[in-house]
Structures are given as C-alpha cells and as structure tokens.
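Trainee: Before we discuss side-chain pairing, could we look at the model together?

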Amino acid sequence: MSESARKVEFTRLIEENQGIVHKVCRIYTDDPMSHDDLFQEIVLQLWKSYDSFKGDSKFSTWMYRVGINTAITLYRKRKRKPGHDSLESHHFHIKADEQNEELEFKLKMLKTAIQQLNDIERALVLLYLDELPYREIAETMGITEVNARVKMNRVKKKLKEMLNPYMS
C-alpha cells in the first residue's frame with residue numbers, strides 16, 4: 001500500500017472511531033485543553049504504531065489499547081511534575097439550565113471516584129462503561145477474560161464503597 005493510501009485509510013479509521021479516543025481522554029483529563037493535548041498525542045501514537053496493526057484483533061480493540069497506554073504513560077509523567085492550577089479546579093457556581101441536580105451530583109461523584117482509581121482500574125471502568133464484552137476487555141488489557149471479570153468485580157466493589165456515603 002502506498003504512503004498516501006495508508007494515510008487515507010488511517011484517517012478514515014480514526015474518523016470512524018474517534019469516539020474511543022475521546023472516551024479515553026475524558027477518563028484521564030479534567031479540562032478541555034488537556035483533553036485536546038491527550039487526543040493529539042493518542043492519534044500521534046496510533047499513527048506511529050499503525051504499521052504494527054496486523055488485523056489480528058478489531059481496530060477498535062487495538063485503538064483502545066494504544067489510547068489507554070498513551071494516556072497512562074502521560075498521566076504518570078504529569079503526576080511526577082509539580083501541579084498546575086487549571087480552570088477546572090476552580091468551582092464557579094454558575095447555574096445553567098435546570099437539570100436533574102441529583103443526577104448531576106451522582107455523576108460528578110462517580111467521575112471523582114473513577115479519577116481516584118489507579119490507571120488499570122480506570123481503564124477497566126472505561127471499557128466496561130463502553131459495554132465491551134469481557135473477551136474484548138481482556139484482549140485490550142492484555143489479561144485473561146477471567147482476570148478481567150475478577151478485576152472488574154473488585155473495582156465495582158471499590159467504587160460502591162467510595163460512593164456509598166453519597167449515593168444513599
């Protein structure tokens with residue numbers, strides 16, 4: 001395949017599956033600028049490793065694996081650096097249109113709890129919430145299907161314990 005045909009095919013696959021990259025970015029970032037930076041980095045890593053995609057698994061599974069690994073790598077690098085103050089860390093109490101405040105609160109608590117999980121647990125939750133079958137979750141994470149089920153059950157229990165005071 002020619003270089004230009006490869007680029008066209010890659011672009012098409014990214015456009016068709018970009019939702020996956022956005023989901024990974026939402027789990028590992030807190031603000032729009034970080035989201036955009038991570039999105040670009042994941043696409044760059046996907047392009048760099050595109051030749052390694054042999055079609056043994058679904059493109060989306062491979063894309064999740066590269067995206068999650070890229071996010072975890074960057075997340076760990078940033079954790080080691082001194083913190084920076086983002087706009088998202090400030091809570092401006094500006095009321096938007098009327099929404100279900102209880103649901104909003106629960107979703108915010110869930111996101112906060114997910115962000116407190118370790119990298120692997122966060123990836124599992126992302127894949128689980130995306131309703132991937134355990135077989136695909138296992139393939140993406142590089143673990144057995146049984147291990148994926150066990151780990152996910154532990155993460156559910158952990159989240160339930162973290163959220164119990166807020167969700168009663």
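The exchange below takes up confidence and then salt bridges.

Mentor: This is a predicted model, in which local features need pLDDT of at least 70 and side-chain atom pairs count only at pLDDT 80 or more, while totals for chains, interfaces and linings use all residues. Residues are numbered from 1 along each chain as its sequence is written, and side-chain values use heavy atoms, with hydrogens and water left out.

Trainee: Which element has the highest mean pLDDT?

Mentor: The pLDDT is the predictor's confidence in each residue, from 0 to 100, and its mean over the protein is 84. Among the elements (helices, H or I, of at least four residues and strands, E, of at least two, being DSSP runs numbered from the N terminus), helix 4 has the lowest mean, 83, and the highest, 94, belongs to helix 7.

Trainee: Which residue forms a salt bridge with Glu9?

Mentor: A salt bridge is a side-chain nitrogen of Lys or Arg within 4 Å of a carboxyl oxygen of Asp or Glu. Glu9 lies three residues from its partner in helix 1 (residues 3-28), so the two are separated by about one helical turn. With the closest N and O atoms 2.6 Å apart, the partner of Glu9 is Arg12.

Trainee: Is Glu121, the partner of Lys158, buried or exposed?

Mentor: Lys158 and Glu121 form a salt bridge at 3.0 Å between the closest N and O atoms, and the pair links helix 7 to helix 5, 37 residues apart. Buried means under 20% relative accessible area, exposed over 50% and partly exposed in between (1.4 Å probe, protein chains only). Because its relative accessibility is 15%, Glu121 counts as buried.
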